[in-house]
Amino acid sequence: MRGGDAQVRPRGSGLTRRRKRALSRGAQYVVFVAAVIAFGVTADWGRLKNQFAQWDLVRQMFPDVITLALKNTVLYTMSGFVVGLVLGMVIALMRLSPVGPYRWVAGIYIEIFRGLPALLIFVFVGVAVPLAFPGTQIPGGTYGKVALALGLVSAVYMAETIRAGIQAVPKGQMEAARSLGFSHARAMVSIVVPQAFRIVIPPLTNELVLLFKDSSLVLFLGVTLEERELTKFGRDLASQTANSTPILVAGLCYLLVTIPLGFVVRRLEAKAGEATK
């Protein structure tokens, strides 16, 4: 065998490794196509259409599904994202603080809220807080409760993301700022944190996508008709009509937001990757 022959043939086999990989990919395509055909042949499309594609119900949902449900979902998501970002920034700085009690408090918060299901956090905000503080109202009513609950849910992951971003900034940046007379706090705010945010923008955007879906838990807080988000709006109409078409339409409305956001995340990650080369 010549040393420059790229097609290495294993002993006892008449196929090259490249040929085997090609055959393996071809087999996977065949299995996929067969599964699609089997689904298409065996599925009862008539029943699916009756349950998920009633166009009169689709028309009945508009424009409220956009002007009410989708609008509320976006408002809930953005308010929760802002609260989570501010709280996450504070927790991240506490985790990096040289003061021991700050690190301990931040660590305990992260371990507790990272381990709790998001549903329990919504129940805590909607039930436990009013019981613990009688007569106390969270500002903003339902919108304030949602912002707090979603903020508590997302702050944990944002804090860890921001902390990783701060630690990714070269230490020489802080040393150079201190040599120019900056205090540690001013150097952190003016020099380190802005660079860290450029690093963590892609994962933070991805967290926004996840938060948009978590906003469906709002229904456990007990909302009025004017405060319903997409999932609650779709479930209510599905219960009234005994048909799943409204739930499908609500799901498609989620995709109207999450797919463009996902594209933005991929573009930001690609740009971040090019900047580090």
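Which helix holds Leu 255? Select that residue and you land in helix H11; helices here are DSSP runs (H or I, at least four residues), numbered from the N terminus.

A note before moving on: this is a predicted model, where local features need pLDDT of at least 70, side-chain atom pairs count only at pLDDT 80 or more, and totals for chains, interfaces and linings use all residues. Residues are numbered from 1 along each chain as its sequence is written, and side-chain values use heavy atoms, leaving out hydrogens and water.

Next, add Phe 39, Trp 45, Leu 48, Phe 52, Leu 248, Leu 252 and Ile 259 to Leu 255: together they form a nonpolar surface patch with about 760 Å² of accessible area. Patch members have over 30% relative accessible area and no salt bridge, with nonpolar side chains joined within 5 Å; areas come from the Shrake-Rupley method with a 1.4 Å probe. H11 (245–275) and H2 (45–52) each supply at least two residues, and H11 gives the most, with 4.

Now show H7 (residues 142–168) with H9 (residues 184–214): they pack at about 145°, axes 8 Å apart. Axes are lines fitted to C-alpha atoms over the stretch in contact, and angles run from 0 to 180 degrees between N-to-C directions. For the contact (heavy atoms within 4.5 Å), select residues including Tyr 157 and Ile 162 of H7 and Phe 197 and Leu 204 of H9.

Finally, stay on H7 and pick Glu 160, whose side chain meets that of Arg 114 in a salt bridge (3.8 Å, N to O). The term covers a side-chain nitrogen of Lys or Arg within 4 Å of a carboxyl oxygen of Asp or Glu. Arg 114 sits in H5 (residues 100–115), 46 residues from Glu 160.

Definitions and conventions
Patch = residues over 30% accessible without salt bridge, like charges linked within 9 Å, V, L, I, M, F, W, Y side chains within 5 Å.
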